[in-house]
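Visitor: I would like a close look at the sheet in this model and at what lies around it. Could you walk me through that part step by step?

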Amino acid sequence: MTDSILSSVDHFAGVRQGLETMIEAATIGEACSLDHFALEGFVQRQMRELGRLYLQAALDLRHAREPRLRAVLGSDLVPRSHRKERFRDLVSVVGEVKISRIAYAAPEHASLMPLDEQLNLPTESYSLGVREVAARESVRGSFEAAVEALERNTGVHVPKRQFIELVGRASMDF
């Protein structure tokens, strides 16, 4: 994409719309009649969604600005010159986002995705932020309680077995 095309795309339009929706809910919508406890819960859910929209927009912008290279040279010194658009889901502390990036491929060699490296993405579908919260919560008590605390605090559900694996990997990271 050229800079002129990039400048015409507003990656953060959804974030602005989400904020306007929150303000509208507070002034004339459902939030007007809530007591403070329900209002806090409403705001917490809305802010999590606003955070998810922001994260998605920031990732979309990073992809839009990603250089389109002729080839990428791997550590095996094999050039990867076939470009493909690739997508992956990432479960973050604010919800699930979809990451678009360019993969560079060569026959019989693993594809390389420079943006994955720049973003320091984990290989699994859970973000490093989810991994960190899982590790923090796991030291407070049982894994069952930690799984519940992660979901309560982030809205993210991680099955117990995957949660235990995340905690194991987090012990190497943090």
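Guide: Happy to. A good place to begin is the turn of the chain where a hairpin joins β3 to β4 through 2 residues. Please keep in mind as we go that this is a predicted model.

On either side of that hairpin, β3 and β4 run antiparallel and pair over 11 bridges. If you want one pair to find on your screen, take D89, whose bridge partner in β4 is K98. Next comes β5, which is joined to β4 by 2 bridges, again in the antiparallel sense. Here you can look for A106, which has H109 in β5 as its bridge partner.

Put together, these strands make an open sheet of 3 strands in the order β3-β4-β5, with antiparallel pairing. The edges are held by β3 (82-92) and β5, and each has a single partner strand, so one side of each is left without a neighbour in the sheet. From one strand to the next, the twist averages 40°. Helix α3, residues 36-64, packs on this sheet and touches β3 and β4. The direction of α3 makes about 15° with that of β4.

Now for the loop that leads from one strand to the next at the far end of β4. E108 sits between β4 (95-106) and β5 (109-112). Its phi is near 65°, a positive value in a residue other than glycine. Is E108 buried or exposed? E108 counts as exposed, because its relative accessibility is 83%, and the cut-off for that class is over 50%.

There is a parallel case before the sheet begins. L77 lies in the loop between β1 (72-73) and β2 (79-80), and the phi of L77 is also positive, near 65°, in a residue that is not glycine. With a relative accessible area of 64%, L77 is exposed.

Coming back to β4, follow the chain on past β5 and you can pick up a link to strand residue R101. Helix α4, residues 114-119, contains D116. The side chains of D116 and R101 are joined by a polar contact of 2.6 Å. Leaving aside residues up to four places away in sequence, D116 touches R101 and L121. Which class does D116 fall into, buried or exposed? D116 counts as buried, because its relative accessibility is 16% and buried means under 20%.

Let me finish with the helix that comes next, α5. At its start, a side-chain oxygen of S127 reaches to within 3.3 Å of the backbone nitrogen of G129. Within α5 (residues 128-138), the buried residues are V130, R131, V133, A134, E137 and S138. They cover an arc of only 165° around the axis, and therefore lie on the same side of α5. The spacing behind such a pattern is a familiar one: an α-helix has 3.6 residues a turn, so residues three or four places apart point the same way.

One member of that buried set deserves a look of its own. S138, in helix α5, counts as buried at 13% relative accessibility. Not counting residues up to four places away in sequence, S138 touches F143, A146, F163 and V167. With those contacts displayed, you can trace the surroundings of S138 for yourself.

Notes:
Residues numbered from 1 in each chain as written. Predicted model: local features only at pLDDT ≥ 70, side-chain atom pairs only at ≥ 80, totals over all residues. Heavy atoms only, no water. Helix = DSSP H or I, 4+ residues; strand = E, 2+ residues; numbered from the N terminus. Buried < 20%, exposed > 50% of the residue type's maximum accessible area, 1.4 Å probe, protein only. Polar contact = N/O pair within 3.5 Å; in protein donor to acceptor, adjacent residues only side chain to side chain. Contact = heavy atoms within 4.5 Å. Pairing = 2+ DSSP bridges. Axes fitted to C-alpha atoms, helices over the stretch in contact; angles between N-to-C directions. Arc of directions from axis to C-beta.
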